[in-house]
Amino acid sequence: MNIRVAAFGTKETVKGLENYSKLFSNISIVPFTYQQPKECVDLVEEAYTCDVFLFAGPVPYLYAKNALEQMNVPYTHVPFDELMVSHTFFLLATEYQMAIRRLSIDIMNPAHVTEVLNDLGMEQKDIFIHDIHEIPGLDIAEIVKRHQQLWDQEAIDFVLTSIDAVAQALKELNIPCLKMPIPMKNFLHGLQEAKTLGQIKLSETSRIVMGLVKIKNLDRVSDSLGDFQFEQLLLAFHQILLNYTHKMDFSLYKGHYHQFIIFGTKGSFDKLISDNHLSCFVKEIEKKLNITVAVGFGSGLTARQAEHNAQSALQRALEEDESICYLYNESGAYIYLLNEEEDVNKESLMNALLTCGLTLETASRFADFLLLRQFRPFTSQEYAEYANVTTRTAARLIKKMTDTGVLESVGERKIHDMGRPRAIYQIKENFN
């Protein structure tokens, strides 16, 4: 199964992706190079035959974002993060023999620069950081202008830019600059994520599932602990997440603002639920770290749909005080996945229903039906009316649960003394 990866970037960055792609099996790079990142808007239209899109940085991705929303193709980009900033500072000090001061820097997330400076124990007073997000229309000329103004004012000695087109324009103005190089690890991270997205797309039986995990009341927790203890808590939190995602064949990535992203297939997610690992994970977090968490999962036919649904589920989870987890599926339904002690009946019930081979959505709907009726006996007609399905569909579902021993027939009921009596069912195990 060969995965065709459309790589968008300058000739140099695409060449880097092509070289590092040789370390991966079953992927081939289809190059789409540009002079200016805004050209990506048209390039993505030409790449429709590829399985996944990989952008050599967040800027070309942002230019193409609106076009991507109209296409059913998964996409990702090479991360521009603290590692890239640290790598650039190291080159500046060793190869350019320059101090880390009197600099003008443009970057997608200024926090990456400030975090590295803090780690190095350096002040920021003579380092000017430009947030690319704040540049109207991501105008390259405007970014160049801001660097040039600082140079003309003799406020800086050097420019570090994350955009090749900016570096080219500054060189034409004879302003000393360096395009921040992408470390090997970042290239590999982007390629690995592109391969994962491609594998999921090419698997006809798989749906994409994305999870977002966030500590509740993060600022309050940080203020109460202090910087050192808070960093220790984040490390412990990250390690617990790594342990559980590794067991369940999920990928784990660290997002912005101490939010974590879990990425995998529908099969991995069903295993996470049926084996009760999700509940164990949350209980371990609460017990060891004394914090509450919000977890939102989203499923979808595309990565974008899964991400959108995960965001919706996370927002729902953040609205409640206790640790909680929701799934927002492609059908537009919220499914409550984590139950506190008073709701443990549903958790046990869900586990039993999933052993029958039901999908997560069907198991959750059936569990809600049983809980609503307080486990009283029911007919297939009653479930059909509740779930808005045909009587035949309801009967087939109930037969599956009866054959596997989860439900049992406990008699018959005649409706209005007319027609054939209807079988009555109830759950075998006592969940009350």
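Contact here means heavy atoms within 4.5 Å. This is a predicted model, in which local features need pLDDT of at least 70, side-chain atom pairs count only at pLDDT 80 or more, and totals for chains, interfaces and linings use all residues. Residues are numbered from 1 along each chain as its sequence is written, and side-chain values use heavy atoms, with hydrogens and water left out.

**View 1. Helix α6 and its neighbours.** Helices (H or I, at least four residues) and strands (E, at least two) are DSSP runs, numbered from the N terminus. The buried residues of α6 (under 20% relative accessible area, 1.4 Å probe, protein chains only) are Ile140, Ile143, Val144, His147 and Leu150. They cover an arc of only 125° around the axis (taken from the directions from the helix axis to the C-beta atoms), so they lie on the same side of α6. These buried residues pack against α3, β5, β6, β7 and α7. On the other side, Ala141 and Asp152 are exposed, that is, over 50%.

**View 2. Strand β13, an enclosed strand.** All 5 of the 5 residues of β13 (residues 324-328) are buried, so the strand is largely enclosed by the rest of the structure. Ile324, Tyr326 and Tyr328 point one way, while Cys325 and Leu327 point the other way. In a regular strand, side chains alternate between the two faces of the sheet.

**View 3. β12 beside β13.** Strands β12 (residues 293-300) and β13 pair in the parallel sense over 5 bridges; pairing requires that DSSP finds at least two bridges between two strands. Here Ala294 has Ile324 of β13 as its bridge partner.
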